[in-house]
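Visitor: I should like to learn how to read a ligand site and the spaces within a protein model. Where should one begin?

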Amino acid sequence: MTAISPPVSEPGIPVDALRMRLAERIRQEGPLRFDQYMEQALYAPEHGYYERAYPVFGASGDFVTAPGLGDFLARCVARFCDLAREELGGGAIAEYGPGNGRLACDVLGALQGSPDDYWLLERSSWLRKEQAETLSAQGSFPRWTDALPKVFEGVVLANEFLDALPARCFEVTDQGIRERMVAVREGDEFYWKLEASSGSDPDLNRLFTELGEVSAPGYCSEWRHDALRTWLDELDGSLKRGVVLIIDYGYPCREYYHPQRATGTLRCHADHQAHSDPFRQPGHEDISVDVDFTAVAELAVERGFEVLMFTSQAGFLLEYGLLEVADPSADESTRLAQRGQIETLTHPDHMGERFRVLALGRDFPAELPHTVCPDHRNRL
Ligand SMILES: C[S@@+](CC[C@H](N)C(=O)[O-])C[C@H]1O[C@@H](n2cnc3c(N)ncnc32)[C@H](O)[C@@H]1O
């Protein structure tokens with residue numbers, strides 16, 4: 001996810017509808033866990049950020065993701081899918097959280113072989129419509145589904161999907177770990193309230209046992225093991241043979257919970273500006289939390305998946321042909337645009353190192369190549 005100018009204003013949505021509803025709920029039920037707040041802020045029917053009939057992606061929206069920069073990511077992902085399907089002797093493709101449908105559109109356009117099916121798994125009804133428009137304009141007709149087919153063989157794609165799954169927040173205090181809950185004061189203003197009881201969550205305690213050194217009072221961060229378990233359980237129940245390709249920003253847990261990352265990874269995006277206050281305008285801006293790739297890998301291994309690859313986005317793209325997808329005979333302005341796209345996707349200060357790629361295998365018959373891309377599995 002990256003920011004570009006210019007900012008835009010938002011017509012037609014009652015500014016405080018969701019804030020009022022959430023404030024009322026907190027007054028009646030008491031402080032909300034942040035994952036419940038995030039869930040509502042992003043997906044509440046009609047007023048949740050991803051449910052509003054208003055552009056999210058691109059210049060007229062709030063942020064740009066890698067598929068919106070051009071088709072280079074999609075072409076490398078398509079090559080990955082072709083090679084994986086070759087190893088599997090066929091199979092389908094399923095994409096979680098397809099956004100505006102751009103990645104699906106460009107992957108379908110670049111695939112050498114035709115998959116048995118291309119499934120889209122999207123919980124936002126508004127984005128499903130946008131996906132249908134993007135894809136039908138290209139003459140592609142994938143299928144939407146609420147859950148993977150019972151028996152699925154092939155490739156599962158998740159680009160910037162896990163960062164949108166609700167997370168919980170904690171703070172280290174002199175008295176121990178506390179969960180950061182969402183409370184409300186007069187004027188429907190939200191604020192963080194620390195709560196002792198849910199700070200005894202086993203996932204959080206395990207993290208602290210393993211990471212001992214993160215102990216300075218005031219240290220804040222996030223964890224989302226509950227949401228990861230739900231997703232991985234779904235994959236576990238359906239994926240019989242194949243590979244799951246996860247591309248997202250995040251870190252292995254030792255980097256994620258590094259003592260210097262003391263304010264966590266929670267980020268909001270509105271009008272191509274980023275900030276870290278999720279209470280500013282719920283429902284009108286994106287909220288995301290980085291991915292703890294160690295947690296994903298460990299929970300996946302517990303379910304019998306194998307970690308086939310963990311590398312940087314730059315490494316993955318180079319491994320899967322990034323330098324071959326650029327057209328050296330294009331005119332100068334196209335070559336400039338291509339160079340810009342490659343730089344944003346691969347430069348360590350842009351998406352190249354902040355985005356990581358994790359591939360999980362289930363009964364997958366081959367190793368994945370690490371010819372060009374660094375093998376970072378030992379960092380997980
Ligand atoms: C940050 S956007 C990324 C979109 C797209 N993959 C891209 O890279 O441009 C997150 C996407 O995940 C979808 N999403 C979030 N939770 C979901 C869930 N549980 N099931 C399906 N889609 C979900 C959102 O509606 C949105 O399409």
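Guide: Let us begin with a term: a polar contact is a pair of N or O atoms within 3.5 Å. The model here is predicted. In it, a polar side-chain atom of T65 lies 2.5 Å from an oxygen atom of the ligand.

Visitor: Which atoms of the protein lie 2.6 Å and 3.4 Å from a nitrogen atom of the ligand?

Guide: The 2.6 Å pair involves a polar backbone atom of G97. At 3.4 Å from a ligand nitrogen there is an N or O atom belonging to the side chain of Y43. As for cover, the ligand on its own has 600 Å² of accessible area, and the protein covers 92% of that area.

Visitor: How many residues surround the ligand, and which are the closest?

Guide: A residue is counted as near if one of its heavy atoms lies within 4 Å of the molecule. The ligand is surrounded by 18 residues, and Y43, T65, G97, E122 and N159 are the closest. Sorted by class, this shell holds 10 nonpolar, five polar and three charged residues.

Visitor: Where does the ligand sit, with respect to the pockets?

Guide: A pocket is an open set of grid points, whereas a cavity is one from which the probe cannot get out. The ligand occupies the largest pocket. That pocket encloses about 770 Å³ of space. Its lining comprises 41 residues, with Y43, G97, F161, A164 and L165 nearest the centre. Two or more lining residues come from each of α2 (34-43), β2 (92-96), α4 (102-110), α5 (125-137) and α7.

Visitor: Which element gives the largest share of that lining, and how do its residues divide by class?

Guide: Helix α7 gives the largest share, with five residues. The lining of the largest pocket as a whole has 18 nonpolar, 10 polar and 13 charged residues.

Visitor: How many cavities of 30 Å³ or more does the search find, and what lines the largest?

Guide: Three such cavities are found in the whole structure. The largest cavity holds about 50 Å³ of space. Its lining is formed by W223, R224, H225, L228, Y256, V289, D290, V291, D292 and A295. The elements giving two or more residues to this lining are α7 (225-238) and β14 (291-292). By class, the lining of the largest cavity divides into six nonpolar residues, one polar and three charged.

Visitor: Which element, then, contributes two or more residues to both linings?

Guide: That element is α7, listed for the largest pocket and also for the largest cavity.

Terms used: Residues are numbered from 1 along each chain as its sequence is written. This is a predicted model: local features need pLDDT of at least 70, side-chain atom pairs count only at pLDDT 80 or more; totals for chains, interfaces and linings use all residues. Side-chain values use heavy atoms; hydrogens and water are left out. A polar contact is a pair of N or O atoms within 3.5 Å; within protein, one must be able to donate a hydrogen and the other to accept it, and residues adjacent in sequence count only if both atoms are side-chain atoms. Accessible areas come from the Shrake-Rupley method with a 1.4 Å probe; for residues, only the protein chains shown count as cover. On a 1 Å grid over the protein atoms alone, a cavity is a set of points where a 1.4 Å probe fits but cannot get out, and a pocket is an open set with protein on both sides within 12 Å along at least five of seven lines; lining residues have an atom within 4 Å of a point. A molecule sits in a cavity or pocket if more than half of its atoms lie within 2 Å of its grid points. Ala, Val, Leu, Ile, Met, Phe, Trp, Tyr, Cys and Pro count as nonpolar, Asp, Glu, Lys and Arg as charged, and the others, Gly among them, as polar. Grid points are joined across faces, edges and corners, and a volume is the space filled by probe spheres set on the points. Helices (H or I, at least four residues) and strands (E, at least two) are DSSP runs, numbered from the N terminus.
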